[in-house]
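Here is a briefing on the side-chain packing of one structure, with its contacts, nonpolar cores and aromatic pairs taken in turn.

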Amino acid sequence: MTVNGHDQRHDVEPRTLLVQFLRETCDLTGTKVGCDTSSCGACTVLVDGESVKSCTMLAAQADGAAITTIEGLATNGEQHAVQRAFTEHHGLQCGYCTAGMVLAAVSFLEENPNPTEAEVRLGLEGNLCRCTGYHNIVQAVLAAAGAK
Amino acid sequence: MIPAAFDYVRAGSADEVLAALVEHGDDAKILAGGMSLLPLMKLRLATPSVLIDVGRVRDLAYLNDAGDHIAIGALTRHRELETSELLSRECGVLQAVAAEVGDNQVRHRGTIGGSTAHGDPASDLPAVLLALDATCVVRGPSGERTIPAAEFFLGFLETALAPDELLVEIQVPKTGATGFAYQKFNRRAQDWAIVGALAVCNGTTRVALVNMGTTPIRARGVEEALASGSSAAEAAGRAAEGTEAPSDLNATPGYREHLARVLVRRALEAAGA
Ligand SMILES: Cc1cc2nc3c(=O)[nH]c(=O)nc-3n(C[C@H](O)[C@H](O)[C@H](O)COP(=O)(O)OP(=O)(O)OC[C@H]3O[C@@H](n4cnc5c(N)ncnc54)[C@H](O)[C@@H]3O)c2cc1C
Ligand code: FES
Ligand code: FES
């Protein structure tokens, strides 16, 4: 598979989860494990452009796919529009949910480029944040949609 | 949490799946989107010794117009149902309910075949299959057979699928521009229904309930009452008849029965029954 555009070829045990593979084998620790029970979305990455909870996918299932993690979102040192919007709108406090939130938002905006506020809230229902109360996250996603 | 160790077999076609099922017998489990099976394996509530990954059998992912019905490949993902033009034209109810399943991440991976084969009474899509009298097409070592949705769901996580069979297609009758409504009651947006009520009005009115027994069920009492001229509000009063509501952290059976009556009334009113 490729991770952030780089080839990654490794032999793994079948039961290796994608999130483990990314963090432990590829040494990309930007992807977080929150609940480990498919509920919180902290582990969200893009698999062929679509948001997926990497704690609920085997690395073997992602064989051949193109994975994007938070480390791979910027291009040539320039942050992605969603990353910039999170910074500008203070869309994070402790930051634990942020990598997953940003990637879920990137995937969501790909599918729905001009969302309403209600659609943003629904589109991020799979991602929990224990700090912000979501308000600034939603504002950031709306701003990123407008900025594109 | 890591699943217990297992052998991983990747199937490239339906025939390879069937051969692997024969070879590995009861020890094997099919892995489709993994949205139900992997969480169970991580909790070690499921410990298959062989996983047959069918995720790449992409010729089982399709939505085809087949005249009076829509033929849906078992590996079609919730996301594909949710965004299907064909469904929005011919079977809006399935499209709308698919959009209610879990969250975006779950819908990107989970499949209609997995939702059906899993046999979870809290799942949303089986209620649609039941209400519309859909047909499941399954393939085994001795060929294909069809199972009506009403005979497919046998008990909690138990279906009419034999261990060596693969669900290949679901045939859903076209509804055209039918009135329908799905009322899903849950505490967090992405969750399963604590109770769900689906009403589809197409001359006669069909009502299906989610999480009111060990299988998805039809609310026959409500359907009979409507057929004999009762108002939606009167008919909804019979919503809990014949149910065996489960008791769990979220709700007692009595509360679920109350929810069923309220949600059925709302669904009937919204569907124009
Ligand atoms: C956070 C979260 C929230 C969710 N919320 C909801 C919800 O609100 N409503 C809801 O309905 N569901 C919900 N789900 C479950 C989701 O809908 C799953 O996608 C679905 O239940 C299973 O589909 P799958 O393709 O992922 O199947 P898998 O998990 O891969 O398989 C499930 C079972 O079906 C068997 N199986 C799969 N495909 C076949 C086949 N073709 N033939 C024979 N057997 C097969 C497997 O062996 C396994 O036993 C949720 C899941 C998660 C993780
Ligand atoms: S860690 Fe994967 S969903 Fe919470
Ligand atoms: S910023 Fe702390 S969990 Fe979201």
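Leaving aside neighbours within four places in sequence, Leu125(B) is in contact with His78(B), Leu81(B), Leu94(B), Val97(B), Ala98(B), Val101(B), Ile112(B) and Ser115(B), where contact means heavy atoms within 4.5 Å. This is a predicted model, in which local features need pLDDT of at least 70 and side-chain atom pairs count only at pLDDT 80 or more, while totals for chains, interfaces and linings use all residues. Side-chain values use heavy atoms, without hydrogens and water, and residues are numbered from 1 along each chain as its sequence is written.

**Nonpolar cores**
- The largest nonpolar core (buried Ala, Val, Leu, Ile, Met, Phe, Trp, Tyr and Cys residues joined through side-chain atoms within 4.5 Å) has 38 residues, and Leu125(B) and Phe152(B) are among those with the most contacts inside it.
- Helix H8 (residues 125-131) of chain B gives this core its largest share, 6 residues, helices being DSSP runs of H or I with at least four residues, numbered from the N terminus.
- Apart from this core lies another, of 27 residues, including Ala199(B) and Val207(B).

**Aromatic pairs**
- Over all chains there are 2 aromatic pairs, meaning rings of Phe, Tyr and Trp (its six-membered ring) with centres within 6.5 Å, whose planes count as stacked under 30 degrees apart, edge-to-face over 60 and tilted for the rest.
- Phe152(B) and Phe153(B) form an edge-to-face pair, because their ring planes lie at 80°, with the centres 5.2 Å apart.
- Phe152(B) counts as buried at 0% relative accessibility, buried being under 20% relative accessible area, exposed over 50% and partly exposed in between (1.4 Å probe, protein chains only).
- The rings of Phe185(B) and Tyr255(B), with centres 6.5 Å apart, have planes at 85° and so are edge-to-face.

Definitions and conventions. Chains are lettered from A and ligands numbered from 1 in the order in which they are written. Helices (H or I, at least four residues) and strands (E, at least two) are DSSP runs, numbered from the N terminus.
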